[in-house]
Amino acid sequence: MLSTGLTRLARILSPATLLAAALLAALWLLLLLNPAWARAALGAADPNAGDGALRLAVLLGGLVSGTQIWCLWQMRGLFALYGRGAVLTSAAARRIRATGIGLALLLPITLLTGALQSVVLSWGAGPGQRTLSVTISGPELAALGGGLLLILVGAALAEAVALAEENRSFV
């Protein structure tokens, strides 16, 4: 059972993560619908890249945004469980593990998406001028580590819940 303060915090964080997911989805949609904003957001885009290439690059970026939104959705569900006092439950373990999987997937999805976006945005430059860019940043590595950690914590919680249920059956 969580303390009253933590329960109250979880009840605030649940809708806050939902709002963050909605804002992320809205931003992605705005970039998709407005090539000028997409060009500004993609920054390094070839100035000669057409609107179609920009839209395709934003669509590809939706893979990353979608994964982030999915992670936020899992967190929202976990906070909602905690807000109801459901801490040591199999549902909480599943939400923790699912969040971890999403965070761990962000690194490979971001790598693949960034590489594809660099090709799409430089395609119009012609042969010999096209680029394939692959980058890894600290936040992506941290998300991978945090995701793997949450997968283990979720698995440990699931085992703890199973043991607790088994012990209750003996009493």
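Helices here are DSSP runs of at least four residues, numbered from the N terminus, and the exercises below apply that reading to a predicted model.

**Exercise 1. Determine how many helices and strands there are in the protein, and what pattern they follow along the sequence.**

Solution. Counting the elements gives five helices and zero strands. Read along the sequence, they are written as the pattern α-α-α-α-α.

**Exercise 2. Set the radius of gyration of the protein against that of a compact globule of 171 residues.**

Solution. The starting point is the reference value, which for a compact globule of 171 residues would be near 16 Å. The protein itself has 20 Å. As a further step, the extent of the C-alpha trace along its principal axes can be read off, and it spans about 75 × 25 × 20 Å. Turning to burial and contacts, buried residues make up 36% of the 171 residues, and of the contacts between residues at least 6 apart in sequence, 70% join residues at least 24 apart.

**Exercise 3. Work out what span helix 1 should have, and say which of its residues are buried and what covers them.**

Solution. Helix 1 takes in residues 4–33, which is 30 residues. The expected span is 1.5 Å times one less than that number of residues, so helix 1 should span 44 Å, and the distance between its end C-alpha atoms, 44 Å, agrees. The buried residues in this helix are Thr7, Ala10, Ser14, Thr17, Ala21, Leu31 and Leu32, and their cover includes helix 2 (35–42) and helix 3.

**Exercise 4. Decide whether serine 65 is buried or exposed, and find its contacts beyond four places in sequence.**

Solution. Serine 65 is first located in helix 3, which covers residues 51–83. Its relative accessibility is 13%, and the cut-off for buried is under 20%, so serine 65 counts as buried. Once neighbours within four places in sequence are left aside, serine 65 is in contact with Leu24 and Trp28.

**Exercise 5. Describe the largest pocket by its volume, its lining and the elements that supply that lining.**

Solution. The volume of the largest pocket is about 600 Å³. Its lining consists of 30 residues, and those nearest its centre are Leu42, Gly61, Thr113, Gly114 and Gln117. Two or more lining residues come from each of helix 1, helix 2, helix 3 and helix 4 (90–122), with helix 4 giving the most, at nine residues. Sorted by class, the lining holds 16 nonpolar, 12 polar and two charged residues.

Terms used. Residues are numbered from 1 along each chain as its sequence is written. This is a predicted model: local features need pLDDT of at least 70, side-chain atom pairs count only at pLDDT 80 or more; totals for chains, interfaces and linings use all residues. Side-chain values use heavy atoms; hydrogens and water are left out. Buried means under 20% relative accessible area, exposed over 50%, partly exposed in between (1.4 Å probe, protein chains only). Contact means heavy atoms within 4.5 Å. On a 1 Å grid over the protein atoms alone, a cavity is a set of points where a 1.4 Å probe fits but cannot get out, and a pocket is an open set with protein on both sides within 12 Å along at least five of seven lines; lining residues have an atom within 4 Å of a point. Grid points are joined across faces, edges and corners, and a volume is the space filled by probe spheres set on the points. Ala, Val, Leu, Ile, Met, Phe, Trp, Tyr, Cys and Pro count as nonpolar, Asp, Glu, Lys and Arg as charged, and the others, Gly among them, as polar. The radius of gyration is taken over C-alpha atoms; the globule rule is 2.2 Å times the number of residues to the power 0.38.
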